[in-house]
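Subject: Structure handover

Hi,

Here is the structure I promised to pass on. Have a look at it first, then read my notes below.

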Amino acid sequence: MNKVILEMRHITKRFPGVTALKDVSIQLSEGEVLAICGENGAGKSTLMKVLSGTYTNKDYEGEIWIDGEKKEFTSVRVAEECGIEMVYQELNMMLDASIAENVFVGNLPGKGRFVDYRALYANTEKILNQIGLKISPKEHVRNLNSGQMQMLAIMRALRKNPRIIVMDEPTSALSDVEVDMLMEFLNTLRKQGIACIFITHKLEEVFRIADRVVVMRDGQFISGRPVKEVEQKQLIEEMVGRKVENLYPKETVEIGEEVLRVEGLTVPHPTILGKNIVEDIEFTLHKGEILGLGGLVGAGRSEVLGAIFGQITRGVKKKVFVHGKEVTINRPKDAIRAGLGFVTEERKRSGFVWVLSVRENLTLCALPNLPKKYFIDRKAEREKAAGMFGRLRVKAPSLETIIVNLSGGNQQKVVLGKWLLAQPEILFVDEPTKGIDVGAKAEIYKLMTELAKSGISIIMVSSDMPELTAMSDRCLVLSNGHITGEFNREEISQENIMRAAIAQ
């Protein structure tokens, strides 16, 4: 057994009125990959903020031991000096600086005011080769996709030669190829004796890479054991505190008439001048159907939805028909008027308004439908919001809770509720369960099934293969700007989708 290099003993962290962590103890061995699982709000991120020094030793009860020696983390820098590096899900990059400058920010090689760019690029090249990322160290970060930015964040942590790397949802924005690359890299780190704490909602990754798995729930340690001694169903039930009979509650729904037809959709590439990310595609959507849209990251799936909805307009060519009648959509307001709704991938950026309450976010898209003379009828607004709040079983102290204080899964429910109150016939959902826990996932899937049964038609973009295969009635696959595969429910499989996704 490898040497234990980290012990967190009896950690308790309190906020006003809430105990976020209650007597949590974990340990980590040299070269070990430890997965920490739990629903949003389980305390995983709070525990890692304690470990990283974000919460200092005066902010919590308990002890941290490194190599058998008690440490007091009075700041993030002290934690880093002990060999602990964090790779956060929310990336903080200088977009107009190069990869090399981002990796070595705060420690650029050179003398005085002058940077030794030859050394900077050479040092960055070594780390790029170590990770297996084939890209120039001079490339500006603004030109990278989200997956490449995530790998860049890992590079920045590696530059400091850590003993322990903490990764918070590191694969949420990675393509399958990049995930494979990351898994290989974690194996390399393991062989070098570098330990990793791996926080993820994707249970298949736990069984693929982790040596041990810790489950947390409601701020408490629930279990910790070698991965080979636990089954996925048992892990899910420990995370949610109840039996989960069916994670994907998809039901067979009678598919009705055509409700949406898109012809000649062409979308310019967002960063490469003169290139199209989507090239002259066409497809249909039918009443009550969940149409999956698969493909690798960067294949243009989100751009398809954005262009149809009027979020992307520059250089876009398209014909959109709703119930057989051509409609002109030049902005989201036109799309909403035509009966479309759009749950975007980045809910924190474009799904809700941070400073508003749950009530205000729920009714954002329904305001035109509320009774009003000179002012909005607040009583009607509260009634509509309360009805949707209850229907979606949003976990929040009240309708007046500011939305940023909710977990990711409950924020996603509010975003869905916002569009449902607008009563769309057609709903676009882009990565509907990105960054949310397994319990909330099951509830989102159940809601999508209920919507389909009620006659609402859904186009779902998803990078989660089990989600895509389980929830789609039909699946289109994009590759190199074209639809390279179309599969009915009986034909949908991970193998068929991947084969089409890598087609040239």
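First, a bit of vocabulary: two strands count as paired if DSSP finds at least two bridges between them. Helices (H or I, at least four residues) and strands (E, at least two) are DSSP runs, numbered from the N terminus. This is a predicted model, where local features need pLDDT of at least 70 and side-chain atom pairs count only at pLDDT 80 or more, while totals for chains, interfaces and linings use all residues. Residues are numbered from 1 along each chain as its sequence is written, and side-chain values use heavy atoms, with hydrogens and water left out.

**One sheet: β18 to β22, with β15**

With that pairing rule, β21 (residues 474–479) and β22 are antiparallel partners over six bridges. Within that pair, S479 sits opposite H482 of β22. Both strands belong to an open sheet of six, in the order β18-β19-β20-β15-β21-β22, with mixed pairing. β18 (340–343) and β22 (482–488) are the edge strands; each has a single partner, so one side of each has no neighbour in the sheet. From one strand to the next the twist averages 20° (axes are lines fitted to C-alpha atoms, for helices over the stretch in contact, and angles run from 0 to 180 degrees between N-to-C directions).

Helix α15 (residues 438–453) packs on this sheet and touches β15 (290–294), β19 (426–430) and β20 (457–461); contact here means heavy atoms within 4.5 Å. The direction of α15 makes about 145° with that of β20.

**The other sheet: β6 to β12, with β3**

Another open sheet has six strands, ordered β6-β9-β10-β3-β11-β12, and its pairing is mixed too. Its edges are β6 (84–87) and β12 (220–226), which have a single partner strand each, so one side of each is left without a neighbour. Neighbouring strands are turned by 20° against each other on average, direction ignored.

Going through the pairs:

- β6 and β9 run parallel, joined by four bridges, with M86 opposite V166 in β9.
- β3 (residues 33–37) and β10 (residues 195–199) are also parallel, over four bridges; V33 has C196 as its bridge partner in β10.
- β11 and β12 run antiparallel with six bridges, and R217 is bridged to Q220 in β12.

The hairpin of β11 and β12 has two residues between the strands, and D218 there takes a positive phi near 55°.

Is edge strand β6 covered on one face or both? Both: I84 and M86 on one side, and E85 and V87 on the other, are all buried. Buried means under 20% relative accessible area, exposed means over 50%, and partly exposed is in between (1.4 Å probe, protein chains only).

Two helices lie across this sheet. α1 (residues 44–52) crosses β3, β6, β9 (164–168), β10 and β11 (212–217), at about 150° to β10. Seven of the nine residues of α1 are buried, among them L47, M48, V50 and L51. G53 follows α1 and has a positive phi near 85°. Helix α8 (residues 232–240) lies across β3, β11 and β12, at about 30° to β11.

Just past β10, in the loop leading to α7 (203–209), is T200, which is buried with a relative accessible area of 0%. Setting aside neighbours within four places in sequence, T200 contacts I36, C37, E169, E205 and V206. T200 and A35 are 165 residues apart along the chain, yet 7.3 Å separates their C-alpha atoms.

**A helix pair**

α13 (residues 378–391) and α14 (residues 408–421) pack at about 130°, with axes 10 Å apart. That makes the pair oblique (under 35 degrees is roughly parallel, over 145 roughly antiparallel, 65 to 115 roughly perpendicular, and the rest oblique). K384, M388 and R391 of α13 meet G417, L420 and L421 of α14.

**Two positive phi values to check**

Neither of these is a glycine: D23 has a positive phi of about 55°, and N161 one of about 50°. D23 is in strand β2 (residues 18–29) and, at 44% relative accessibility, is partly exposed. N161 is in the loop between α5 (146–158) and β9, and its 65% makes it exposed.

Cheers
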